[in-house]
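Open your viewer, switch to a cartoon representation and keep the selection box handy. The stops below tell you what to pick next and what you will find there.

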Amino acid sequence: MAGRIRQRILSGMRPTGRLHLGHLHGVLENWKRLQETYDCYFLVADWHALTTNYEHPQEIPSNIEEMVLDWLAVGIDPDKVTLFIQSEVKEHAELHLLLSMITPVSWLERNPTYKEQQQQLKEKDLATFGFLGYPVLQAADIIMYKANRVPVGVDQLPHLELSREIARRFNYLYGDIFPIPESMLTEVPKLPGLDGRKMSKSYDNSIFLSDSPEVVRKKISTMITDVERPRMKDPGDPENRCIAFKLHQLYLSPERLDVIVSECKAAKRGCAACKKELAEAIICKMAPIWQKRKVLAADPERVKAILADGAERARKVAQSTMAQVRSALWNRHVR
Ligand code: TRP
């Protein structure tokens, strides 16, 4: 974009509550790298949370709080990025409405995540207009800031593809206002949870960023390792069979890794010892995050101020975009 020095990034998360190590290594570490070189906008997608949680909206504010504390504690820096809550920038609702006028229902109905989620969340009635329009709201989030790149996981690619199509359609109908956002896929190995399945809040197998050292020790001690190695005297195969080893690779030094691999293969090291070492390594890495989280949690005014400042900055951009959108739509000249 002419005049813009840094490329702009927008990404977001639905406030589902406390985040776990999977979020840290999969998303937040990446955001932290990006905040050093890009003009980043990170949003708390609370209206998106409402599409599936409209029956329990009272849970959303505390989920926002927990998630924002996690973001800040791991080092998302409000001096470098614009961090804000979607519903505090009402322009998103206006753009969502206008985009909904030009979005064919068939595009939304063929969105694979639409049917998938409806099936997965059977206990909820998701046959709503808002849920069908989820990707339209996401498109509004992204193009509102004329984002060039959107860091997302593979699961979000269909949504991003829809955002691109919606942006193209707007440009085609009313004039070239929006850059077509590109995805920025992050290659992250799925982090195993305590039971060996992907770490996920809904599987109850997560280590949360806000867990205490005692909880981390207890949880790790229950973690599945190498099921083909019931006794210590059986030689292990950590690289190929041990579930916990994926975490060791993240948290232990290369030197220690070499040692535990050879000891495990030689049946000289038991899984309990290995998990103890892992727990201590995680605790050591998490200590500064816990410390920061504690300080922030004790200072809600500061967090409020960060969010107010973020919303104000986001709003300025959103207002300028909406002025252009309205004038393109009604064929009036921009101021
Ligand atoms: N749908 C995303 C998720 O569930 C959250 C989200 C909302 C988002 N708006 C966004 C992600 C804009 C990227 C860009 O994770």
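The tour starts with the ligand, moves on to the helix and strands, and ends in the loops.

**Before you select anything**

This is a predicted model, in which local features need pLDDT of at least 70 and side-chain atom pairs count only at pLDDT 80 or more, while totals for chains, interfaces and linings use all residues. Residues are numbered from 1 along each chain as its sequence is written, and side-chain values use heavy atoms, with hydrogens and water left out.

**Stop 1: the ligand**

Select the ligand and its surroundings. The shell holds 14 residues, and the closest are Arg14, Tyr134, Gln138, Asp141 and Gln156; a residue belongs here if one of its heavy atoms lies within 4 Å of the molecule.

Now show side chains and look for polar contacts, meaning pairs of N or O atoms within 3.5 Å; within protein, one atom must be able to donate a hydrogen and the other to accept it, and residues adjacent in sequence count only if both atoms are side-chain atoms. Which distance separates a ligand nitrogen from an N or O atom in the side chain of Asp141? That distance is 2.7 Å. For the side chain of Gln138, an N or O atom is 2.9 Å from a ligand nitrogen. Gln156 brings a polar side-chain atom to 3.1 Å from a nitrogen of the ligand. The protein buries 93% of the 370 Å² that the ligand exposes when taken alone; such areas come from the Shrake-Rupley method with a 1.4 Å probe, and for residues only the protein chains shown count as cover.

Try colouring the shell by class. You should get seven nonpolar, five polar and two charged residues. Here Ala, Val, Leu, Ile, Met, Phe, Trp, Tyr, Cys and Pro count as nonpolar, Asp, Glu, Lys and Arg as charged, and the others, Gly among them, as polar.

**Stop 2: helix α8**

Which elements supply at least two residues each to the shell? They are β1 (8–13), α8 (134–144) and β4. These labels follow DSSP runs numbered from the N terminus, with helices (H or I) of at least four residues and strands (E) of at least two. Select α8, which gives the largest share of the shell, four residues.

Buried or exposed: what are the residues of α8? The helix is mostly covered, with 11 of its 11 residues buried. Buried means under 20% relative accessible area, exposed over 50%, and partly exposed in between (1.4 Å probe, protein chains only). Among the buried residues are Tyr134, Gln138 and Asp141. Step just past the helix to Lys146, where phi is positive, about 50°.

**Stop 3: β1 and its partner**

Select β1 next. This strand is largely enclosed by the rest of the structure, because five of its six residues are buried. β1 runs parallel to strand β2 (residues 39–44), and six bridges join them; two strands pair if DSSP finds at least two bridges between them. Put Ile9 and Cys40 on display, since Ile9 stands opposite Cys40 in β2. Add helix α1 (residues 21–37) and you have a right-handed β-α-β unit of β1, α1 and β2. To check the handedness, point the strands away from you: the path from the first strand over the helix to the second runs clockwise.

**Stop 4: β4 and β5**

Go to strand β4 (residues 149–152), which pairs with strand β5 (residues 182–185) in the parallel sense over four bridges. Between them the chain passes through helix α9 (residues 157–174), in another right-handed β-α-β crossover. Val152 faces Leu185 of β5 across the pair.

**Stop 5: the loops**

In the loop between β5 and α10, select Glu187. Glu187 counts as exposed at 76% relative accessibility, and its C-alpha atom is separated by 8.3 Å from that of Gly26, 161 residues apart along the chain. Asp204 lies in the loop between β5 and α10; it is exposed at 73% and has a positive phi near 60°.

Move to the loop between α10 (213–221) and α11 (238–241) for Asp226. Asp226 is buried, with a relative accessible area of 5%, and its side chain reaches the backbone nitrogen of Asp237 at 3.4 Å. Met223 lies in the loop between α10 and α11, and is buried at 3%.
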